Amino acid sequence: MPKNSYHAYQEFSGFVRLFHWMRAFAIFFLVGSGFYIAYPFLQPSSSVYSGMYFLQAYIRSAHIMLGFILIAVSLFRCYLFFFDRKSHAERSSARNVWDLDAWIKQLKVYFWISKAHSGAGAYNPLQFIAYLSLCILLVLISLSGVVLYYNVYHNGLGAFLAPLFKWFEVLCGGLSNVRYIHHLSTWGIILFVPVHVYMVVFHSIRFPDGGADSMISGMRYVKD
């Protein structure tokens with residue numbers, strides 16, 4: 001057997017990869033459109049640009065639709081995490097959070113003190129905590145987004161959602177606090193994205209069996 005031979009196994013299923021990139025697209029568009037909704041700097045100032053009079057409405061509509069898509073994808077992704085047979089490696093990663101030795105070994109890797117080690121599951125403890133934090137932020141931004149939605153659109157879907165999510169508005173102490181939580185959650189996700197991209201690139205460059213490849217092909221290559 002060659003000295004540096006590898007074997008491949010599927011780490012992420014097709015649905016997991018699809019939902020990852022759908023959420024990535026939704027997050028980038030929602031952040032951009034959210035900033036525009038807060039400060040509509042492209043509003044027309046004369047009749048020459050009359051075609052832009054509804055630009056705020058179009059962007060707001062797209063923001064709402066992508067928001068509901070993000071909620072739907074996140075709910076299905078949560079279902080896959082707990083119940084999909086192919087997501088067993090992700091569920092197994094939870095045990096690393098309570099393993100002090102796994103934390104120490106992973107911190108040594110990130111500080112260039114030691115080489116990579118193979119822990120349980122798909123994620124090391126830092127990765128698992130980071131993704132758990134992202135899930136919490138998505139829950140907060142989804143709940144606050146639904147509340148903001150039904151406070152603007154009082155009929156149809158808004159009328160249906162209002163009694164179901166009124167508790168969150170009351171828990172937050174009013175609509176202004178809901179909006180504040182929505183903004184804070186957005187900034188939390190904005191901070192997560194560059195750190196996530198950096199760590200993916202870090203793993204891709206330093207370790208041949210880690211990085212972005214597995215979220216594209218679904219396969220991970222482990223040394224025999």
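Counting ring pairs in this predicted model gives 16 aromatic pairs. Take phenylalanine 19 and phenylalanine 76 to start with: their ring centres sit 5.1 Å apart and their planes meet at 55 degrees, so this pair goes down as tilted. Phenylalanine 19 belongs to helix α1 (residues 14-38) and phenylalanine 76 to helix α2 (residues 55-83), so the pair ties together parts of the chain that are 57 residues apart in sequence. The two partners are not alike in how much surface they show. Phenylalanine 19 has a relative accessible area of 6%, which puts it among the buried residues because the cut-off is under 20%. Phenylalanine 76, at 34% relative accessibility, counts as partly exposed.

Another of these pairs joins tyrosine 110 and phenylalanine 202, and this one is edge-to-face, with 5.8 Å from centre to centre and 65 degrees between the planes. Here too distant parts of the chain are linked: tyrosine 110 is in helix α5 (residues 100-110), phenylalanine 202 is in helix α8 (residues 175-206), and 92 residues separate them. Both tyrosine 110 and phenylalanine 202 are buried.

Back at the first pair, the rings have further company. Phe15, Phe19, Phe76, Tyr79, Phe81, Phe82 and Phe83 make up one aromatic cluster.

As for the overall layout, the protein has 9 helices and 2 strands. Along the sequence these elements run in the pattern β-α-α-α-α-α-α-α-α-α-β, with a strand at each end of the pattern. Of the 224 residues, 34% count as buried. When contacts between residues at least 6 apart in sequence are tallied, 66% of them join residues at least 24 apart.

Next come the helix pairs, beginning with the two helices that carry phenylalanine 19 and phenylalanine 76. The axes of α1 and α2 come within 8 Å of each other and cross at roughly 150 degrees. Angles over 145 degrees count as roughly antiparallel, so α1 and α2 are classed that way. Their crossing is left-handed. By class, the residues in the contact of α1 with α2 are 20 nonpolar, 6 polar and 3 charged.

Helix α1 also packs against α8, the helix that holds phenylalanine 202. The axes of α1 and α8 come within 11 Å, crossing at roughly 130 degrees. The two helices are therefore oblique to each other, and the crossing of α1 and α8 is left-handed. On the α1 side, the contact is built from His20, Ile27, Phe28, Val31 and Phe35; on the α8 side, from Thr186, Trp187, Ile189, Ile190, Val193 and His196. Sorted by class, the contact of α1 with α8 has 8 nonpolar and 3 polar residues, and no charged ones.

A third packing involves helix α6 (residues 125-150) and helix α7 (residues 157-172), whose axes lie 8 Å apart at an angle of about 130 degrees. That angle makes α6 oblique to α7. The crossing of α6 and α7 is left-handed. From α6, the contact draws on Leu140, Leu143, Ser144, Val146, Val147, Tyr149 and Tyr150, which meet Leu157, Gly158, Leu161, Ala162, Phe165, Lys166, Trp167, Phe168 and Glu169 of α7. The contact of α6 with α7 breaks down into 12 nonpolar, 2 polar and 2 charged residues.

Two single residues round off the picture. Leucine 164 is found in helix α7 and, at 46% relative accessibility, counts as partly exposed. The C-alpha atoms of leucine 164 and valine 146 are separated by 10.0 Å, with these positions 18 residues apart along the chain. Valine 146 is also one of the α6 residues that meet α7.

Phenylalanine 207 sits in the loop between α8 and α9 (213-217). At 9% relative accessibility, phenylalanine 207 counts as buried. From phenylalanine 207 to lysine 115 the C-alpha to C-alpha distance is 8.8 Å, although the two residues are 92 apart in sequence.

Definitions and conventions. Residues numbered from 1 in each chain as written. Predicted model: local features only at pLDDT ≥ 70, side-chain atom pairs only at ≥ 80, totals over all residues. Heavy atoms only, no water. Axes fitted to C-alpha atoms, helices over the stretch in contact; angles between N-to-C directions. Helix = DSSP H or I, 4+ residues; strand = E, 2+ residues; numbered from the N terminus. Parallel < 35°, antiparallel > 145°, perpendicular 65-115°, else oblique. Left-handed = near helix turned anticlockwise from the far one by under 90°. Contact = heavy atoms within 4.5 Å. Nonpolar A, V, L, I, M, F, W, Y, C, P; charged D, E, K, R; others polar. Phe/Tyr/Trp six-rings, centres within 6.5 Å; stacked < 30°, edge-to-face > 60°. Buried < 20%, exposed > 50% of the residue type's maximum accessible area, 1.4 Å probe, protein only.
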